[in-house]
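Reader: Hey, I'm new to this one. Can you pull it up and walk me through it?

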Amino acid sequence: MSVLPPFITSDMFTFSNVLMNMGNLLQYSPSYYLNYLARWPELCCATVAPNGHMIGYICGKAEGLFHSFHGHIIILTVFPPCSLLRLASTLITHLKAVSDEP
Ligand SMILES: CC(C)(COP(=O)(O)OP(=O)(O)OC[C@H]1O[C@@H](n2cnc3c(N)ncnc32)[C@H](O)[C@@H]1OP(=O)(O)O)[C@@H](O)C(=O)NCCC(=O)NCCS
């Protein structure tokens with residue numbers, strides 16, 4: 001079981017366990033995340049284990065106008081030991097639901 005709190009700026013200092021051993025720890029700079037957090041905070045969400053550790057997150061952006069408005073996944077990462085637990089599916093479902101809101 002996990003919960004889906006918003007992804008907030010201070011999470012940038014705690015998600016190293018999510019990225020560890022994935023070879024992309026240095027791929028994204030804080031400014032990369034801040035760009036999406038500042039512009040589309042409602043499309044940035046984490047998933048947290050009962051022990052409080054972040055085990056996945058998603059960052060998205062919104063594109064299009066009126067009927068073509070839709071969400072777009074920018075970053076989706078799940079802590080490798082927690083893979084295939086449908087955490088990514090849950091995060092994507094959440095992003096889709098938020099994107100579909102008027
Ligand atoms: C890819 C990733 C997000 C999947 O997370 P996850 O929580 O294990 O995925 P889920 O358990 O929700 O699985 C959803 C579906 O994707 C499939 N899947 C999961 N990882 C997969 C992989 N590496 N290759 C192919 N299919 C995969 C699952 O089998 C499942 O399929 P189904 O719906 O037909 O049953 C995770 O492995 C990850 O963070 N990878 C590294 C970062 C990355 O590649 N991110 C995506 C680009 S930004």
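Author: Sure, let's talk about the strands and then the ligand. Keep in mind that this is a predicted model.

Reader: Cool. In which sense do β1 and β2 pair, and over how many bridges?

Author: Strand β1, residues 44–48, pairs with β2 in the antiparallel sense, over five bridges. As one example, C45 stands opposite I58 in β2.

Reader: And what sits between those two strands?

Author: Their hairpin has five residues between the strands, and G52 there takes a positive phi near 90°.

Reader: What about β2 and β3, how do they pair?

Author: Antiparallel too, with eight bridges between β2 and β3. Look at G60: its bridge partner in β3 is I73. In the hairpin of β2 and β3 there are six residues between the strands, and G64 has a positive phi near 85°.

Reader: β2 keeps coming up. How many of its residues are buried?

Author: Seven of 10, so to speak of the strand as a whole, β2 (residues 54–63) is mostly covered.

Reader: OK, switching to the ligand. How many residues surround the ligand, and which are the closest?

Author: There are 12 around the ligand, and V78, S83, L87, A88 and S89 are the closest. Two elements, β3 (70–78) and α3 (87–100), each give two or more residues to that shell.

Reader: Which element gives the largest share?

Author: That's β3, with four residues of the shell.

Reader: And what's the shell like by class?

Author: Eight of the residues around the ligand are nonpolar, three are polar and one is charged.

Conventions. Residues numbered from 1 in each chain as written. Predicted model: local features only at pLDDT ≥ 70, side-chain atom pairs only at ≥ 80, totals over all residues. Near = placed C-beta within 6 Å. Nonpolar A, V, L, I, M, F, W, Y, C, P; charged D, E, K, R; others polar. Buried ≥ 20, exposed ≤ 12 C-beta atoms within 10 Å, placed from the backbone. Pairing = 2+ DSSP bridges.
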